[in-house]
Structures are given as C-alpha cells and as structure tokens.
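Welcome to a short set of exercises on reading a protein model. Have the sequence and the 3D view ready, and try each task before you look at its solution.

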Amino acid sequence: MGALQKSLKTRHITMISIGGVIGTGLFVGTGKNILSTGPAAVVSYAIACLLIVLIMQMVGEMAAGEIVLGEKANGSAELGSFASYAGKYIGPWAGFTVGWLYWASWVFIVGLEAALIGGMLHNWFPFIPIWVGSIGITLLMTIINIYSVKSFGEFEYWLSFVKVSAILVFLVVGLAMILGIWPNYEAKGLGILTEFGGFAPNGIVPIFTAIVFVIFSICGAEVAAIAAAESENPAKNIVRAIRNVVFRLGLFFVGSVAIMVLILPWNDTKMLAAPYANILTLAGLPIAAQIIQIVIFISLISVLNSALYTSSRMLLEMSRQGDAPKVFSQIKNRRGAPVPAIIGSTVVAYICAMLYFISPEVIFYFLGNCVGGLMIAVYIFIAISQIRFRRYYDKVSNEPLSIRMWLFPYLSYVTIGILTVVYLCQALIESLRSQFYLSTLVLILSVVLFMIMRKLSTRPEEKIEEKLASE
C-alpha cells in the first residue's frame with residue numbers, strides 16, 4: 001500500500017496555513033457582503049472567523065490526542081483526518097458521510113476554479129478557448145501533485161506568498177489612508193460608519209445571514225491540518241498551523257473589511273464591485289486594478305492546487321477506512337504521492353468543469369449550491385466528534401494535550417448551536433434557499449447510501465452473528 005512521505009517543511013505548513021483561506025471569496029465576495037449588510041459586515045466576518053477558529057481548535061485537539069493515544073498503544077501514530085475522527089467517535093456512518101461530502105465539495109471547487117481560470121485566460125488571450133485553459137491548468141496542477149508532496153508544498157508556498165504580500169500591502173496602505181497620513185487622500189473619519197443609514201442600515205438579520213456567505217468564503221483553513229500529517233514534524237506543525245489561524249483570519253478578513261467600510265460608503269455599488277483595486281486606485285497607486293487581477297488569478301490557481309491536494313488525501317483516507325475502492329489507497333511512486341487518488345479526484349473535477357460549459361444554469365448550479373451548506377454540515381460533525389473524543393480521552397489518558405478546546409464542553413455546544421442556526425438560516429434567505437434544500441438532500445442521501453452499502457457488503461455469516469448478538 002505504501003506510505004506518504006513526510007517531506008513538507010515547517011515553512012510550507014506555515015505559509016499554507018496563512019494562505020489557505022485567501023481565495024477569490026476574499027477578493028470578490030467581500031464587496032457583495034458589505035452591500036447587503038452595511039458597515040455591520042465587520043461583525044459578520046468576526047463571528048464567521050471565530051467559528052472557523054473554534055473548529056480548527058477542535059481539529060487540533062483531536063489530532064494532538066490521537067498522536068498521544070497512538071504512541072501509547074503502539075509507539076507511533078499517524079495523523080488521521082476529521083473523517084476518521086467522525087467514524088471513530090460518532091459512528092462509521094458519520095465517517096463515511098463526512099469523508100465523501102468533504103471530498104465532493106473540494107472536487108467541485110477544483111472544477112469551479114478551473115472554469116474561472118479558463119475564463120480569465122480567455123479574457124486576456126481571446127485565442128485561448130475557455131475549455132483549453134481550464135483543462136490545461138488542471139493538468140499542470142495534477143502533474144505537480146503527482147510528482148511529489150514537496151513539489152505541491154513548494155508551489156503552494158510561493159502562491160500563498162504572493163497572496164499574503166498583496167493583502168499586507170492593502171492593509172498598510174488602507175490603514176495609512178484611514179489615519180490620514182497617506183498623501184493626496186482625505187480621511188473620512190468614523191462618521192462614515194453611520195453616515196449612510198446607520199451601522200446596520202438593513203437591520204440585524206443580514207448580519208447573521210451574511211455569516212453563511214462568509215463561512216464559504218473562508219473555508220479551507222483545515223487544509224493546513226491535513227498537510228501537517230505529511231510534514232517533517234507533524235505534532236509540532238499541527239500546533240503551529242492551528243495557532244496561526246487566529247492571527248491570520250483576524251488580520252486578513254476582519255482587517256480588510258474594516259478598512260473597506262472606513263474608506264468606501266457601504267452603498268457605493270461601483271466601488272465595492274472591486275474594493276481592493278478601487279481603494280488602491282484611490283491611494284494613487286498605478287496599475288492597481290491590473291495587479292489585483294493578477295493576484296486574483298494566482299489565488300484561483302492556489303485554491304485549485306490546494307483543493308486537488310485536499311480531495312486526493314481525503315479519498316486516500318476514505319479508501320484506507322474501507323469507504324472507497326481499495327485502489328485509491330495505493331501510493332504509486334517513490335516520492336510518496338497517492339497517484340490513484342490524485343488522478344481519481346482530477347477525473348471527477350474534469351467532469352465538474354465540463355458541466356460548467358454543458359449545463360451552467362442547471363447541473364453546475366445544483367452542485368455549486370450544495371457546497372456551502374455541506375461545508376457547514378461537515379463543521380457540525382467535527383464539533384460533535386470533538387465532544388465525544390474529549391470525553392473518551394479524559395477517561396483513558398491523563399497526559400495533557402498540546403491543544404485543548406477552550407471552555408469545554410460549553411463552547412463546543414455553543415459552536416454546534418451557532419452552526420446549526422447558520423445552516424437553518426439558509427432556508428430564510430431567498431438566494432440560499434435552494435442551497436439549503438439541496439445540501440440537506442445530499443446529506444440525507446449520503447447516509448442512506450452508507451446504509452445500503454453496508455447491508456450489501458455484510459456477509460451471510462456476519463448477519464447471523466449480528467442477529468444472535470441482538471437476541
């Protein structure tokens with residue numbers, strides 16, 4: 001079967017953890033959220049970021065605990081995925097459901113990013129058909145992932161470096177503009193927060209409904225936890241990756257939105273269509289719009305690269321758990337890359353990308369509307385897993401955990417409650433109502449599929465033993 005090689009370095013994990021959440025949702029979706037919520041969008045982003053921080057803390061605690069338990073049992077331990085944690089501490093059906101939903105979400109994201117990249121290339125170079133750009137960039141990322149995990153880490157490191165650098169420039173310039181120390185710009189002051197209808201001009205409800213959009217924009221922080229398993233020091237790097245989440249989410253997302261609402265009127269549709277580029281243009285920086293377009297393009301490639309890596313590792317884990325065909329559990333090259341899992345994920349991603357061109361308003365729309373809701377459902381499963389894990393760990397081990405969930409179990413239950421409310425809030429938003437019904441349908445169907453597959457795979461003698469045991 002082979003083993004993954006631990007060839008990712010600490011700097012790779014650190015940069016992946018910083019850049020993992022910086023995608024097109026930050027550059028493109030932020031302005032839309034401000035238009036619907038007003039300056040109070042800062043609150044929406046703060047709550048959403050806090051939820052992701054709490055989920056990451058839970059993932060980190062379970063990973064740290066599994067290392068301790070594994071070393072106690074057999075002297076060594078491998079970091080599992082949160083699908084394996086769900087299967088172990090909730091039940092096999094939960095592990096199956098979490099694994100496949102998470103894999104499907106990321107595979108669709110590969111197809112979505114590929115389609116968007118193809119569109120951008122076509123706009124810049126009209127002689128390149130959209131489908132050629134989409135397939136070409138996905139093929140390139142597949143080759144990089146197949147070659148070795150180190151090549152993935154190095155490539156993602158530099159893509160994340162560009163994204164992080166661009167955001168830092170924006171934050172520095174924006175802060176200087178707000179403080180009134182940037183030349184040729186007159187600061188608006190705090191009055192801009194209430195000048196155009198108040199801090200929450202559309203009421204309180206949009207503050208909470210916007211959380212749904214924000215969570216989908218910033219999902220991906222957990223990729224660093226998955227990548228840490230293939231690093232030179234998993235126990236150390238998982239801790240570092242988790243602790244970086246608090247800083248990066250607060251700085252990049254909440255900080256960016258705060259700067260936007262302190263510089264641009266919340267109802268300025270034209271300026272908020274491309275807030276990063278327009279604010280840098282207001283600052284007098286040349287070719288700001290073109291630079292941001294390049295950064296967005298790099299972000300698309302980065303997300304595609306990370307999505308392909310994440311989906312292949314989840315498929316590998318599912319195969320080793322017996323929830324996917326055994327062929328995907330094989331490591332086919334000497335550099336430790338799970339080639340069958342990478343190719344399998346790529347093939348499905350190609351199909352998703354093709355659906356964008358074949359049926360963008362029906363099938364592709366259906367898939368896209370599922371992803372946001374499914375991610376929230378996965379986070380709820382993670383929170384439930386953490387509660388059950390912690391109770392088990394406290395019974396069998398007295399060793400301190402390197403990462404612990406704060407205020408356990410109260411904050412864990414609060415997190416589940418808020419995520420559940422956010423999930424149900426989709427039914428109250430007209431634009432998200434289809435997402436709610438579709439993601440709920442997919443969630444139910446995945447559980448039913450597990451039950452059917454389990455029944456079909458159970459041998460006659462096993463059925464007799466189960467019957468006798470029940471009697």
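**Exercise 1.** Which residues form one aromatic cluster with Tyr 89?

*Solution.* Before starting, note that this is a predicted model, where local features need pLDDT of at least 70, side-chain atom pairs count only at pLDDT 80 or more, and totals for chains, interfaces and linings use all residues. Residues are numbered from 1 along each chain as its sequence is written, and side-chain values use heavy atoms, with hydrogens and water left out.

Now the cluster: Tyr 89 is joined by Phe 389, Tyr 392 and Tyr 393.

**Exercise 2.** Work out why the pair of Tyr 89 and Phe 389 is edge-to-face.

*Solution.* Step 1: recall the rule. Rings of Phe, Tyr and Trp (its six-membered ring) pair if their centres lie within 6.5 Å; planes under 30 degrees apart are stacked, over 60 edge-to-face, and the rest tilted. A search of the whole structure gives 17 aromatic pairs.

Step 2: apply the rule. The ring centres of Tyr 89 and Phe 389 are 5.5 Å apart and the planes stand at 80°, so this pair is edge-to-face.

Step 3: place the residues. Tyr 89 is in helix 4 (residues 82-89) and Phe 389 in helix 15 (residues 363-396), so the pair links parts of the chain 300 residues apart. Helices here are DSSP runs (H or I, at least four residues), numbered from the N terminus.

Step 4: check the surroundings. Both Tyr 89 and Phe 389 are buried, where buried means under 20% relative accessible area, exposed over 50%, and partly exposed in between (1.4 Å probe, protein chains only).

**Exercise 3.** Find how the rings of Tyr 102 and Trp 106 are arranged, and how the two residues sit in helix 5.

*Solution.* Step 1: the ring centres are 6.1 Å apart with planes at 70°, so Tyr 102 and Trp 106 make an edge-to-face pair.

Step 2: Tyr 102 and Trp 106 are four residues apart in helix 5 (residues 92-124), which means about one helical turn separates them. An α-helix has 3.6 residues a turn, so residues three or four places apart point the same way.

Step 3: Tyr 102 has a relative accessible area of 0%, so it is buried. Trp 106 is at 4%, so it counts as buried too.

**Exercise 4.** Test whether helix 17 (residues 433-457) spans the length expected of it.

*Solution.* Step 1: the expected span is 1.5 Å times one less than the number of residues.

Step 2: helix 17 has 25 residues, so it should span 36 Å, and its end C-alpha atoms are 36 Å apart, which agrees.
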